[in-house]
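I am opening this notebook to record what I looked up, entry by entry, in the structure shown below. My plan is to begin with the core and then work outward.

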Amino acid sequence: SKTDFSQYIAKHVGKKVKRKTLLKKFDKEFGQGSRSYLALRCKKVRRKSLLTEIQIHLKKNLLATDDFGKMFPKEKLRVRGNCPRRFKIDEVGISR
């Protein structure tokens, strides 16, 4: 099913966004602090940063649940992305 976060990404394909905005949207939807499990990966193309990958780190052993917040590991991870403060959301195939 679509989430507000995924719909925001889809609506902004090809547009510039702020990293802080994406992280806040993720926290709002999946619980305060959930951004620590999210890594935004960017790639430089013609001197512009493009978001090309979103990594979400989840528990190793997942049980069926509707509560996304229970899918994150208990230990706090500091997952790091490499995107700058502002970047463009890549359209499929552009960066290749």
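**Entry 1: the core**

I looked first for the largest nonpolar core, and found that it has 15 residues, with Phe5, Leu22, Leu40, Leu51 and Phe87 having the most contacts inside it. By nonpolar core I mean a set of buried Ala, Val, Leu, Ile, Met, Phe, Trp, Tyr and Cys residues joined through side-chain atoms within 4.5 Å. Helix H1 (4-11), helix H2 (19-30), strand E2 (38-45) and strand E4 (86-89) are the elements that give two or more residues to this core, and H2 gives the most, with 4 residues. Helices (H or I, at least four residues) and strands (E, at least two) are DSSP runs, numbered from the N terminus.

I note for later reading that this is a predicted model, in which local features need pLDDT of at least 70 and side-chain atom pairs count only at pLDDT 80 or more, while totals for chains, interfaces and linings use all residues. Residues are numbered from 1 along each chain as its sequence is written, and side-chain values use heavy atoms, with hydrogens and water left out.

I then followed one core residue, Leu40, and, leaving aside its neighbours within four places in sequence, I found Leu40 in contact (heavy atoms within 4.5 Å) with Arg19, Leu22, Leu23, Leu51, Glu53, Ile54, Gly81, Asn82, Cys83 and Phe87.

**Entry 2: the chain as a whole**

I counted 2 helices and 4 strands in the chain, and from the N terminus on I read their order as α-β-α-β-β-β. Buried residues, meaning those under 20% relative accessible area (exposed is over 50%, partly exposed in between, with a 1.4 Å probe and protein chains only), make up 32% of the 96 residues. Of the contacts with a separation of 6 or more, 58% come from residues 24 or more positions apart.

**Entry 3: helix H2**

Which residues of H2 are buried? I found Leu22, Leu23, Phe26, Asp27 and Phe30 to be so, and they lie on the same side of H2 because they cover an arc of only 135° around the axis, the arc being that of the directions from the helix axis to the C-beta atoms. Lys20, Lys24 and Lys28, on the other side of H2, are exposed. The buried residues of H2 pack against H1, strand E1 (16-18), E2, strand E3 (48-56) and E4. After H2 I came to Gly31, whose phi is positive, near 110°.

**Entry 4: helix H1 and its packing**

In H1, I found Phe5, Tyr8 and Ile9 buried, and their arc of only 100° around the axis puts them on the same side of H1. On the other side, Asp4, Ala10 and Lys11 are exposed.

I next asked how H1 and H2 pack, and the answer is an angle of about 155°, with their axes 9 Å apart. Axes here are lines fitted to C-alpha atoms, for helices over the stretch in contact, and angles run from 0 to 180 degrees between N-to-C directions. H1 and H2 are therefore roughly antiparallel to each other, a term for angles over 145 degrees. Asp4, Phe5, Tyr8 and Ile9 in H1 meet Thr21, Leu22, Lys25, Phe26, Glu29 and Phe30 in H2.

**Entry 5: the loop between E2 and E3**

Here I checked Arg46 and Arg47. Arg46 has a positive phi, near 50°, and counts as exposed at 69% relative accessibility. For Arg47 the phi is near 60°, again a positive value in a residue other than glycine, and Arg47 is exposed, with a relative accessible area of 78%.

Key. Parallel < 35°, antiparallel > 145°, perpendicular 65-115°, else oblique.
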